[in-house]
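Biologist: Thanks for sitting down with me over this one. Could you put it on the screen, so that we can go through it together?

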Amino acid sequence: MEEVVFEVCAMGDTLKFQRLVQEDESVLTQTIGRARHTPLHLACKFKHNELASFILRLQPALAKAKDDTEETPLHEASRVGKLDIVKQLLDACLCVAYMLNKDRESALFVACSCGHSEVAWELCSRMDFVVWDEIGASCLQIAASKGYTEIVRKIIGENPRLANSKDENGFSALHLASSKGNLGVTKELLGKGPNLSFLKDNDGRTPLHLAMIYNQVHVIREFLLERSKPVSFNSLLVTDLINTADNNGDTVLHLAAKMNCLEIIELLLSKPGIKVNAANNEGNTALDILEQIPVRGNDANVAVDILKQIPAHDKEEYVAVDLLKQIPERDNDEYVAIDVSEQIPARDTYANVANDYYCRRKAIIQQLKPRERANPASLTDMQLKLMVVTGLILTVTFQAILCPPGGLWQDLSRGNHTNHIPGKAIQSETNPALFTFFMASDALGFLVSLALIPIIMILRKEMLLYVNSLVVLALISIEVAFILSLIMISNRKPFFRVEVFLLVLVTLVGIGWMQWKRKPQLKHS
């Protein structure tokens with residue numbers, strides 16, 4: 001009986017299957033073969049829309065039936081890309097879209113994997129990804145890999161945290177989109193936040209590393225763009241990303257040098273703050289790697305490879321390639337292609353490509369040679385410096401409270417016969433007004449510094465002006481507290497006047513500096 005049912009379902013003979021059901025209704029739920037397929041599985045697998053529709057009308061619950069691998073008929077329909085059957089199955093039971101097979105794959109994952117974009121979008125449009133993290137993460141990653149921008153937009157729009165999820169190799173959706181060169185998906189993910197660009201896989205590689213490894217030049221250019229709205233990248237973040245090294249110590253510049261990709265090297269060198277002299281785990285800089293390339297190969301062959309990539313519209317244009325093929329190998333000779341190109345007739349204009357290639361290469365090597373370079377501090381460096389300053393201010397202001405100027409009243413056994421409270425600040429009674437201002441100024445510095453710590457941890461370039469202003473405010477507060485303490489413990493009137501003058505001067509200088517730094521920012525905005 002199994003063989004008969006299988007043959008009928010494989011052929012899609014709806015009338016014959018109807019007669020079988022009339023004879024024995026159990027045929028509908030019968031499992032066939034080792035795979036334990038139901039007739040609905042087979043109808044979907046062999047793309048028989050009419051047969052699938054007939055089975056679903058008789059028993060809609062069969063849409064949730066599972067075979068030996070725990071796959072539903074929806075998995076089968078998604079795998080073969082039969083949109084009409086997929087719609088019928090979803091209409092019969094929408095929850096089947098969330099069911100997983102033994103490999104923890106949903107029907108949407110299967111449809112994306114097989115490249116059935118219409119089926120994938122039909123499934124995605126009917127699903128809710130707000131709480132389905134496991135399903136959403138795998139679907140997001142495969143959609144990013146396949147370049148399905150609309151699906152990626154819907155998933156991260158409903159569940160943004162899925163953009164940070166990784167697979168068993170440590171790849172995020174941005175890793176996969178970058179490696180495959182899917183520019184639309186890359187733009188969509190970069191617009192969600194700059195932190196996605198710093199996610200690392202199991203080898204410590206960022207999405208930019210993978211874009212470089214797979215030579216996705218258009219994606220690399222997208223990473224290096226500076227954006228304002230939505231805030232994604234600015235110059236400091238770009239610098240940090242380029243200088244990020246993987247587990248081998250290789251930055252993107254190292255990888256570009258290994259691949260001899262002059263276009264990307266030139267693009268990277270145009271960005272300020274690049275650590276051109278950074279060495280990887282083997283102790284090699286980008287310059288070391290680039291200089292080793294001619295030693296390992298024949299320069300004439302490199303030029304031949306370049307010329308081969310140029311489309312030829314005339315057979316005469318292959319003259320330059322033919323001539324270069326005849327050149328004997330000469331190790332360490334970077335000017336072989338240049339010498340030969342000079343001997344090629346003027347009509348063979350493509351021979352100049354080799355000349356241009358080596359001129360560019362020579363210029364890049366000169367830029368990579370160690371020298372004084374403008375290397376502005378990266379955002380990470382600024383965070384570290386600001387954290388140190390903030391920590392020092394916290395320490396000073398905290399200590400000033402524990403040990404106020406003039407000291408504390410001691411216990412009664414040491415001669416305190418005026419009923420003073422032991423441990424209370426002496427200046428709070430002898431100079432109550434000045435001590436109140438001292439306490440207020442010190443508390444202001446402490447609280448501002450304490451508030452700065454979480455802000456510095458999520459520092460962005462757009463926040464630098466305000467963070468620096470708060471740091472200056474904290475510094476002014478401890479300077480004011482210091483001068484007030486001098487006034488309280490000093491009995492000499494001339495020095496008293498000097499201290500007041502310094503108090504006013506320091507305050508005015510600090511306020512003036514903040515206003516001066518603020519003006520260029522306001523003009524720029």
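Biologist: How much area does the chain expose, and what share of it do carbon and sulfur atoms supply?

Modeller: First, a word on the source: this is a predicted model, in which local features need pLDDT of at least 70 and side-chain atom pairs count only at pLDDT 80 or more, while totals for chains, interfaces and linings use all residues. Residues are numbered from 1 along each chain as its sequence is written, and side-chain values use heavy atoms, with hydrogens and water left out. Accessible areas come from the Shrake-Rupley method with a 1.4 Å probe, and for residues only the protein chains shown count as cover. The chain exposes about 27,000 Å², and the share from carbon and sulfur atoms is 56%.

Biologist: How many helices and strands are there in the chain?

Modeller: Both are DSSP runs numbered from the N terminus: helices are H or I with at least four residues, strands are E with at least two. By that count the chain has 27 helices and zero strands.

Biologist: What percentage of the residues is buried?

Modeller: Buried means under 20% relative accessible area, exposed means over 50%, and partly exposed lies in between (1.4 Å probe, protein chains only). Of the 525 residues in the chain, the buried ones make up 46%.

Biologist: Which helix gives the most to the largest nonpolar core?

Modeller: A nonpolar core is a set of buried Ala, Val, Leu, Ile, Met, Phe, Trp, Tyr and Cys residues joined through side-chain atoms within 4.5 Å. The largest one has 101 residues, and L74 and L89 are among those with the most contacts inside it. Seven of its residues come from the helix that gives the most, α9 (residues 133-146).

Biologist: Is V96 buried or exposed?

Modeller: V96 lies in the loop between α6 (83-92) and α7 (107-113). Leaving out residues up to four places away in sequence, V96 touches A63, K64, T72, L74, L89 and L90, where contact means heavy atoms within 4.5 Å. Because its relative accessible area is 0%, V96 is buried.

Biologist: Which residues form a nonpolar patch on the surface with W132?

Modeller: Patches are made of residues with over 30% relative accessible area and no salt bridge; like charges are joined within 9 Å and nonpolar side chains (Val, Leu, Ile, Met, Phe, Trp, Tyr) within 5 Å. W132 sits in the loop between α8 (117-126) and α9, and counts as partly exposed because its relative accessibility is 38%. The patch has about 290 Å² of accessible area together, and the partners of W132 in it are V130 and V131.

Biologist: How far apart are the closest N and O atoms of E71 and R79?

Modeller: A salt bridge is a side-chain nitrogen of Lys or Arg within 4 Å of a carboxyl oxygen of Asp or Glu, and the whole structure has 14 of them. E71 is buried because its relative accessible area is 7%, whereas R79, at 30%, counts as partly exposed. In the salt bridge between E71 and R79, the closest N and O atoms are apart by 2.7 Å.

Biologist: And D250: which residue does its side chain meet in a salt bridge?

Modeller: D250 counts as buried because its relative accessibility is 3%. The N to O distance in this salt bridge is 2.7 Å, and the partner of D250 is K258.
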